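Colleague: I'm new to this one and would like a close look at a single part. Could you pick a hairpin, walk me through it, and then show me how it fits in with the rest?

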Amino acid sequence: MSTTKLVLLGLVLSSTGVSSESHLAKCCPPGEIFSGYSTVECVSKPRNVIELYVHQWNTTVKHQGIPQCDEPEDLVTTSFGDLDSNNFLEVPACLEILHDQVNGESTVIVVHCRSNKDRRVKAINASFPQLAYVRKCCPRDMIFDSRTKACVSRLSESESLVAFLRNGSDDADLVTIATEGPPTCKGPIVDYEIDENDVFLRNGTYTVMVPTFKNSFVKEELSVTEDNACLDMTPDSESDRTLVARVCRDPEFCDGNACIRKCCAENEFFYAQGCNKLAVPDEPTEFHVALANAVNQTKSSAFDTTRDYGVLIGKPCKYGMYPTDPREEEWLLTSEGHVFVEDYAFYDQNNYCMDIFYNKSEFDHNFHLFICFDSPALKEVSVRFRMNTALQITSCAFLLMTLLVYVCLPSLQNLHGKTLMCHVSSLLLAFTCLPIITWITPGDETEERSTTTCKALAYTALFSFLSAFSWLNVMCFDIWWTFGVLRGSTFTKAAEHRKRFLLYCLYAWGLSFLVSILAIVADSTDILPDYLQPNIGNSGCWFTQRRNSYGELTFFIGPVTIMLISNVIFFILTSTHCNKVKAEIKRVTTDPMDPRNKRFRSDRRRFVMNVKLFIVMGMSWICEVVSFFLIKYVDYEQWHHVFFYTSDVFNCLQGLLIFILFVLKSRVYQALRRRLGLNANPKKPTCNATTTLHDPYRVRKSASSSTLTTTFAISSTP
């Protein structure tokens, strides 16, 4: 009997003395996780990424490091959800967060050696810990100050939130997955200080006891999920054993309790362009401190900022909002959180919001109250709006006339003429979309909208403008290529022209189509980070205009800028070639009727026409590109509207200017009259003209038969 007792005692001692190696500990040191780029390398945890905390009831090891396998290739990772106590897994093994930086997803994985599975040895009584999820209100190494309602740094190595929450779980291994930041609430978020006995773990979910919003003396159970609440320590947590629970309440909470509305989320900053997470100001101001100061400065506000109150997040205005000027308008905040503006009216939480306004030019980091417009602004369309729309429609008419003239006159349909027709047709489609987009765009630019019509128009306009710039790029390349091969053969076969035109079509249409498809795919999926997403149709029928959004730069401004720069390079190279060819021809012959001299003059005229076309379209869009960067990185926009007013007019008149350059010519006019049978008394042809007509091969096959020379031949035909 005594022998049996000794054996049992030995078993008990061995079971209670399990080393730390028989547990799944954390792989990386605190504050570090695995990156998606390297699954076995610890990196610093990015902001707003979940972190893993492991508590072992019989060991104090915080992390044990990556297991050392017999062979480096034997080190493997397995999702924690795919493991259970029946899996064959020999320790050492460890737990860690694997964060995929591409899609932003984070998962819990187990790192172990592949060879251990082959041994078919069950884990050495390895404890598979209980998994619990919790949202921490503040970032790591910070706590929540209930007095200022803000996150503050911990002054000392005080007890962490996870250690505080171990209460009642000391007899089991516990893995806590912590998410940082307050939840996103549809209703108000309300702060409660709760006792350590009011929080407990049940089936992997923390439950807290908080007051009901109808009766603060009665408590109710609330399951703390990642979406409805967050928990954190306070400066007094160690002394009075309390923590703060920030809970999402239903919108009805504000019917009987004090609430205010903040324009932007707590981790965002309000600029002139909207709420922004990335543009952190140099000297951020705490919102609730600024609110208390603003309320104290008012004459008769009844709102008590020292008591608990709900905070609604987001701009509620459907038709836009305007800031009240603290120098001219006085306002007060009622005990319910309603706003009264002197000489105006009362506004509830659905008709105002307040925030720190970080606008460098007008108000310097001041607390501001924004009031919603009651109704959409009257259709008092500005002079600039009316004029731009009228000029865009005018451009469409002239672009259409230019296209019809080129269609009616086959003599204009040489290689240069075909590229010009493609350019004009693309520009016509783009200018047709612009007036429609302008009229259906909502008056409030912050209003989120996503309609099929709006998106279709935006994608069509994107494709059309990219096509127009691509064809302009083709024409600049073609004239450079023409001058570059002048010293080659004088004549080019029609088949080669067709081949070049097909290649031009493949480049111009193909590139525009590819970029447009990529924009559609990026909008429909999450393959790109948020700051590169086009977000077309979400705020107006174009790219989303936000400071931290680079979708327009990626899919439109960037490609256009590259093509404009290449056009300038082509013009410089062509001008250099032009001067060289001119000097060479002058050295060889002085006969103006020499074919080389005539061809050079016609090609030079075409080069001058392309330069004019680039000035018409390129220079105005260079101003637009400059305007884009100034608006994006300069807060104050008033001077921009004044400075670029002329650029807008010039841009809208592109159709008229193209018509003047390529159609409004006497020779084209005479050719069009003959085509329509309106020239009753044709002039007798000269010898030169007859020679041109009687050698149709030269007209049809010449590599550089320009618009001007071919129309002259037709107008001189008897």
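Modeller: Here is a walk from one hairpin out to its surroundings. Keep in mind that this is a predicted model.

Let's start with the hairpin itself. Strand E9 covers residues 142–145 and strand E10 covers residues 150–153. The two run antiparallel and are joined by four bridges. If you want one pair to find on screen, go for phenylalanine 144, whose bridge partner in E10 is cysteine 151. Between the two strands sit four residues, and in that turn you'll find lysine 149, which has a positive phi of about 55°.

Now stay with lysine 149, since this residue leads us out of the hairpin. Lysine 149 lies over the face of tyrosine 309, at 4.8 Å from the ring centre. So what about tyrosine 309: is this residue buried or exposed? Its relative accessible area is 3%, and the cut-off for buried is under 20%, so tyrosine 309 is buried.

Tyrosine 309 has a ring partner too, phenylalanine 303. The two ring centres are 5.2 Å apart. Their planes meet at 65°, and anything over 60 degrees counts as edge-to-face, so that is what we call this pair. Phenylalanine 303 is buried as well, with 6% relative accessibility. In the whole structure there are 23 aromatic pairs. Elsewhere in the chain, ring pairs link Phe431, Phe465, Trp542, Phe543 and Phe556 into a cluster. There is also another lysine placed over a ring: the charged end of lysine 418 sits over phenylalanine 501, 5.6 Å from the ring centre.

Back to tyrosine 309, because there is a core to look at. The largest nonpolar core has 29 residues, and the members touching the most others are Leu165, Ile194, Tyr206, Val208 and Leu231. Tyrosine 309 belongs to a second, separate core of 26 residues, which also includes Phe269, Ala290 and Leu291. In soluble globular proteins, nonpolar side chains tend to be buried together. For a feel of the largest core, click on tyrosine 206: leaving out residues up to four places away in sequence, its contacts include Leu165, Leu174, Val199, Phe200 and Leu222.

A short stop along the chain after the hairpin is cysteine 185, in the loop between strand E11 (174–180) and strand E12 (189–195). Cysteine 185 counts as buried, at 15% relative accessibility. Its C-alpha is 8.7 Å from that of aspartate 250, although the two are 65 residues apart in sequence.

Further on there is an open sheet with antiparallel pairing, made of three strands in the order E23-E24-E25. E23 (331–333) and E25 (346–347) are the edge strands with a single partner each, so one side of each has no neighbour in the sheet. Two bridges join E24 (residues 339–341) to E25, and one partnership to look for is phenylalanine 340 with phenylalanine 346.

Then the picture turns to helix. UniProt, in an unreviewed entry, lists several spans as "transmembrane region", among them 461–481 and 501–522. In the model, residues 461–481 are 100% helix, with end C-alpha atoms 30 Å apart. Residues 501–522 are also 100% helix, and there the end C-alpha atoms lie 31 Å apart.

Zooming right out, the protein has 718 residues, 45% of them buried, and it holds 19 helices and 27 strands.

Definitions and conventions: Residues are numbered from 1 along each chain as its sequence is written. This is a predicted model: local features need pLDDT of at least 70, side-chain atom pairs count only at pLDDT 80 or more; totals for chains, interfaces and linings use all residues. Side-chain values use heavy atoms; hydrogens and water are left out. Two strands pair if DSSP finds at least two bridges between them. UniProt positions are given in the numbering used here, feature names are shortened, and annotations may be inferred rather than shown by experiment. A nonpolar core is a set of buried Ala, Val, Leu, Ile, Met, Phe, Trp, Tyr and Cys residues joined through side-chain atoms within 4.5 Å. Buried means under 20% relative accessible area, exposed over 50%, partly exposed in between (1.4 Å probe, protein chains only). Contact means heavy atoms within 4.5 Å. Rings of Phe, Tyr and Trp (its six-membered ring) pair if their centres lie within 6.5 Å; planes under 30 degrees apart count as stacked, over 60 as edge-to-face and the rest as tilted. A charge sits over a ring if NZ of Lys or CZ of Arg is within 6 Å of the ring centre and within 35 degrees of the ring normal.
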